[in-house]
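Okay, everyone, thanks for coming. Let me put the structure up, and then I'll walk you through a few spots.

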Amino acid sequence: MTTSLKNNFMPSSLISNLQQVLALKSDATEKHASEPNKVSCNSSSSSCCSLLPSEDKQCPKPVVLVTNGEGIDSPGLTFLVQALLDSHLDVYVCAPKSDRSVAGHSVTVGETISVSSAQINGATAFEVSGTPADCISLALSGALFSNFSRPTLVVSGINRGSSSGINLFYSGAVAGAREALLCGVPSLCISMNWKKDVSCESDMKDAAAVCSPLIYATVKGIQDGVFPNSCLLNIEIPWCPSTNKGFKVTKQSQWRSSLSWKAVPTKTHPPPANFMSSQQSLGIQLAQLGREASIAGAARRLNSQHKNVEIESVGVARKMSSQKTIKFFRLEFLEEQQENADEDLDIRALEDGFVTITPICLSPTVQSEIQTSVSNWIAGAVLRKNQLAL
């Protein structure tokens, strides 16, 4: 696994953040392994204290809130939570009960959603019958979690499939991270460029290992006040995470998956009534017939001259209902290769094997400024690690 830095519109003035964190983490892990009963918190920076392996109650762990788009049972979420716990972070999970990966930034208004407790590798977790945006909005409202008032960081992932380019507007995972940003909390969205019939579940575990140092450094950067706080970072991991070419700050492209609508035969998707048991269906039909017979009888008693009219009107209503046409369609996303794209665009760099980091702003007017700010941060973050490896 490589973590080299690709030179792409990076300024010469670099800051060292990720390298410093990685060095501290490496040293602390080795020391902790050799002296398991010894606790050390002697860092020159007070914020480093909470990021080192320690049982010291005076060093509270940073809180990381996790959601995703594919649902609470997805392997990507499980691997991510375990990686965060291994990094000695205080992890809380609020994720959709079912797959809402293409829910976009939809929220549930005027309807009641259910929340159930869950357990993911020991982390406090809840599954929500809503969208990723619902999950983050609820989690940050103070109505669900009483353990914290505001997390240090929100992470959405690890999601299967790319959210590069225009696809991010469909992505429920990106919406979860965007909702955090709207609430004033720094956020990351992490996805893996899953390849059908090629990628496997173990690749998600490798993806968690690849992004773990970046998450770790983000927390450190937030605590030090150097992390860009006016954007979310959309992190895309190549389909083979263990052979990635390194981190690369990119720009959002105009690439999108092709939308393919296909008609579904009625036989393979029967009307809702057919999903009922035979007893339920028969009961409903009898009730309907009884109601119609009562209406017709009342009409005959009220005015015999209108008998035929009333009975006929009931019959016409049934006929119109039976002639109602119902069609079924299914939408699928089709993968498309991006050709002749600029090498600094997210989808091109991702397909070339880089871990792409794309700043997403709420206001397009500050995109250029944010791009430079993130470039400074990540460039310096990786450079020192490379120097340490020499």
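So, start at G142: this glycine sits just after α4 and takes a positive phi of about 90°. And yes, this is a predicted model, so please hear everything I say with that in mind.

Let's back up into the helix itself. How many of the 10 residues in α4 are buried? Seven of them, so to speak the helix is mostly covered, and it runs over residues 132-141. The buried ones are P132, A133, D134, C135, I136, A139 and L140. What do they pack against? There are four strands on the list, β1 (63-67), β2 (90-96), β4 (123-128) and β5 (153-160), plus one helix, α5 (172-182).

Zooming out for a second. The protein chain comes to 10 helices and 11 strands. It has 390 residues, and buried ones make up 45% of them. Now take the contacts between residues at least 6 apart in sequence: 83% of those join residues at least 24 apart.

Next, a helix pair. Have a look at α3, residues 75-86, and α6, residues 201-224: their axes come within 9 Å and cross at roughly 40°. That angle makes α3 oblique to α6. As for handedness, the crossing of α3 past α6 is right-handed. Who's touching whom? On the α3 side you've got P75, G76, F79, L80, A83 and L84, and they meet E201, M204, K205, A208, S212 and I215 on the α6 side. Sort the residues of that contact by type and you get eight nonpolar, two polar and two charged.

Okay, charges. Side chains of opposite charge can pair when their charged atoms come close. In this structure there are five salt bridges, and I'll show you some of them.

One is between the side chains of E351 and K195, at 3.2 Å from N to O. What does that pair tie together? E351 is in helix α9 (residues 346-351), while K195 is in the loop between β6 (187-192) and α6, so the bridge links parts that are 156 residues apart in sequence. Is each partner buried or exposed? E351 has a relative accessible area of 29%, so we call it partly exposed. K195 is at 14% relative accessibility, so that one counts as buried.

Another one: K248 and D344, whose side chains meet in a salt bridge at 3.8 Å, N to O. K248 lies in strand β8 (residues 247-249) and D344 in the loop between β10 (328-334) and α9, so here the pair ties together parts 96 residues apart in sequence. K248 has a relative accessibility of 2%, so it counts as buried. D344 is buried as well, with a relative accessible area of 17%; the cut-off for buried is under 20%.

And one more, back at the α9 end of things: D352 forms a salt bridge with R348, and their closest N and O atoms are 3.1 Å apart. D352 is partly exposed, with a relative accessible area of 29%. R348 is at 29% relative accessibility and counts as partly exposed too.

That's my tour. If you want to pull something up on the screen, I'd go back to G142, just after α4, or to the right-handed crossing of α3 and α6. Happy to take questions.

Notes:
Residues are numbered from 1 along each chain as its sequence is written. This is a predicted model: local features need pLDDT of at least 70, side-chain atom pairs count only at pLDDT 80 or more; totals for chains, interfaces and linings use all residues. Side-chain values use heavy atoms; hydrogens and water are left out. Axes are lines fitted to C-alpha atoms, for helices over the stretch in contact, and angles run from 0 to 180 degrees between N-to-C directions. Helices (H or I, at least four residues) and strands (E, at least two) are DSSP runs, numbered from the N terminus. Angles under 35 degrees count as roughly parallel, over 145 as roughly antiparallel, 65 to 115 as roughly perpendicular and the rest as oblique. A crossing is left-handed if the near helix is turned anticlockwise from the far one by less than a right angle, and right-handed if clockwise. Contact means heavy atoms within 4.5 Å. Ala, Val, Leu, Ile, Met, Phe, Trp, Tyr, Cys and Pro count as nonpolar, Asp, Glu, Lys and Arg as charged, and the others, Gly among them, as polar. A salt bridge is a side-chain nitrogen of Lys or Arg within 4 Å of a carboxyl oxygen of Asp or Glu. Buried means under 20% relative accessible area, exposed over 50%, partly exposed in between (1.4 Å probe, protein chains only).
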